[in-house]
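Got the model open in your viewer? Keep the selection box handy and follow along, one stop at a time.

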Amino acid sequence: MSVKNSLTIWFGKFMVKCLRLIGRDAGNAPGLVLWTLNKDCLKAFKVECPIIAVTGTNGKTSVTNYLSHIFASGKGKIITNTQGNNLDTGICSLLLANCDMKGRVKADYLVLETDESHVPVIYSKLKLETLVLLNFFRDQLDRNGEVETLILKVKKFLETFEGNVVLNADDPNVARLGRANPNNKNIFYFSVERYSGATDEPYEVGEGKFCPFCDTELVYDYYQYSHVGRFHCPKCRFGEDKPFTLIKNVDLSAPSFEADGETYKTAHNSIYYMYNLAAVYTAAKLYDFDKKILHDTFEHFEVNNGRLETFNIAGSELMVNLAKNPVGANMTLRVMNEQECEKELLFVLNDNLADGHDVSWIWDINFSIFRDVTRVVTSGTRAYDIAIRIKCSGYDPDKIVVRPDLDDAMEELFKNSGRKFAIANYTAVQPTRAAIKRYKERREANG
Ligand SMILES: [Zn+2]
């Protein structure tokens with residue numbers, strides 16, 4: 001190990017120790033300092049086990065949690081960042097916390113959620129074995145720039161990458177990356193057959209309707225959600241690659257799906273979630289996991305981190321889902337509409353740094369599809385903006401209640417019993433979960 005790398009590790013470990021001594025969680029800080037001092041600090045770590053990275057606009061945290069659960073159930077010690085921390089500095093901190101004084105990281109697998117824009121910089125320094133790519137949607141424009149810029153960044157990385165690439169064949173933004181390196185034979189597409197809620201015309205605002213290779217308009221047989229569906233280019237045949245995994249018979253009422261001739265029961269019932277499981281299944285298949293582990297995980301495992309998380313409070317069921325972009329929000333509205341009953345919606349919108357200060361994305365949410373929504377409560381730092389947005393969709397303004405404070409919002413939401421949904425954006429989701437728990441405690445304390 002070079003002197004510079006030795007010093008990098010020693011200094012980093014020293015920082016972690018000091019932070020712990022003063023009772024602070026090391027978190028992101030050591031990585032940030034190390035990165036500032038030495039841009040090549042990731043090269044100082046010696047990782048000898050396979051690294052599996054998960055990236056894409058929506059679903060990264062869920063898929064990383066699922067894969068970590070499967071890898072841990074099957075094959076020993078894993079290191080993972082299931083709580084997010086998916087930037088270069090976060091991953092650097094994670095390795096620092098898990099290495100010895102020589103920078104050796106001892107594990108059987110590393111499963112790493114990785115921000116799309118950080119894939120090239122991290123994996124030009126750490127040897128990646130498998131990259132799982134879920135989808136590309138418009139997201140947090142302030143930070144990421146246009147989605148095309150992001151796709152091109154990942155494409156550039158893939159042009160020289162020869163490891164496994166797991167790709168969503170039904171998202172043209174992702175499927176195109178299968179051609180980034182014609183010499184890479186390790187391209188594994190997953191696709192999901194038409195489900196009962198698929199439509200012939202696009203249902204929500206989407207992107208990627210033109211062929212990235214010849215600019216011809218793509219032809220869709222059907223749309224599953226947003227721009228995800230069965231498509232092909234009539235001119236250059238883009239979109240006709242045979243999938244490695246084909247998910248069949250998605251049944252949202254069971255809920256279940258079929259893969260390689262076997263039926264798997266699942267814990268949730270949205271098509272968006274089925275796509276996440278298709279990615280998980282495909283990555284797990286590459287590592288040859290016992291089917292029993294997959295059955296057990298798909299049926300029982302819960303991420304419980306504001307991702308389709310359910311709370312039961314005084315006879316009411318509340319489902320919370322994170323949505324940081326129009327596709328995520330439209331997906332939650334779709335899940336909500338698929339419940340054949342009256343329901344109330346809480347929408348918590350913040351505009352903190354990590355959310356992007358620009359909240360104009362809420363105008364791309366399709367609120368006109370509301371079905372049996374009897375009341376809406378809005379909260380968060382931009383509670384009024386989201387209330388106006390919903391009013392402008394034609395929803396009765398008398399049924400919208402604005403409560404910027406989250407505790408007030410909970411009191412309001414639970415005035416009535418019945419089915420409830422909550423959509424919260426990035427920095428709103430954890431405070432929302434905390435407010436739900438506080439409300440539950442107050443309610444139980446008062447009998
Ligand atoms: Zn084409």
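This tour starts with the domains and then visits single residues and salt bridges.

Before you click, know that this is a predicted model, where local features need pLDDT of at least 70, side-chain atom pairs count only at pLDDT 80 or more, and totals for chains, interfaces and linings use all residues. Residues are numbered from 1 along each chain as its sequence is written, and side-chain values use heavy atoms, with hydrogens and water left out.

**Stop 1: the two domains**

Colour 3–300 as domain 1 and 309–445 as domain 2; these bounds come from an automatic or database domain assignment. Taken over C-alpha atoms, their centres are 28 Å apart.

Now show where they meet: 22 residues of domain 1 are in contact with 23 residues of domain 2 (contact means heavy atoms within 4.5 Å). About 1,800 Å² is buried between domain 1 and domain 2, 47% of it on carbon and sulfur atoms. That area is the accessible area (1.4 Å probe) that two parts lose on being put together, summed over both.

On the domain 1 side, select β9 (219–225) and α9 (271–286), the elements that give two or more residues to the side touching domain 2. Helices (H or I, at least four residues) and strands (E, at least two) are DSSP runs, numbered from the N terminus.

How many salt bridges cross the interface of domain 1 and domain 2? Zero, by the rule used here, which asks for a side-chain nitrogen of Lys or Arg within 4 Å of a carboxyl oxygen of Asp or Glu.

**Stop 2: Asn135**

Go to the loop between β6 (130–133) and α6 (141–144) and pick Asn135. Asn135 is buried, at 2% relative accessibility. For this tour, buried means under 20% relative accessible area, exposed over 50%, and partly exposed in between (1.4 Å probe, protein chains only). Draw a distance from the Asn135 side chain to the backbone nitrogen of Asn58, and you should get 2.9 Å. Leaving out residues up to four places away in sequence, Asn135 also touches several others, including Gly56, Asp171 and Tyr225.

**Stop 3: Val429**

Jump to helix α14 (residues 429–445), where you'll find Val429. Val429 is buried too, with a relative accessible area of 3%. Not counting residues up to four places away in sequence, its contacts are Gly306, Val320, Leu322 and Ala424. Add Leu349 to the view: its C-alpha atom is 9.2 Å from that of Val429, though 80 residues separate the two along the chain.

**Stop 4: salt bridges**

The whole structure holds 21 salt bridges. Try these three:

- Glu148 and Arg176 pair up at 3.1 Å, N to O. Glu148 sits in helix α7 (residues 147–158) and Arg176 in the loop between α8 (172–175) and β8 (187–192), 28 residues apart. Glu148 is partly exposed at 38%, while Arg176 is buried at 11%.
- Arg237 and Glu240 meet at 2.8 Å, N to O. Arg237 is exposed at 57%, and Glu240 is partly exposed at 39%.
- Arg375 and Glu412 meet at 2.8 Å, N to O. Arg375 is in strand β17 (residues 373–379) and Glu412 in helix α13 (residues 406–413), so this pair ties together parts that are 37 residues apart in sequence. Arg375 is buried at 12%, and Glu412 is buried at 7%.

For a last selection, take Glu344, Arg375, Arg403, Glu412, Lys415 and Lys420, which are joined into one network by salt bridges that share partners.

Methods
A polar contact is a pair of N or O atoms within 3.5 Å; within protein, one must be able to donate a hydrogen and the other to accept it, and residues adjacent in sequence count only if both atoms are side-chain atoms.
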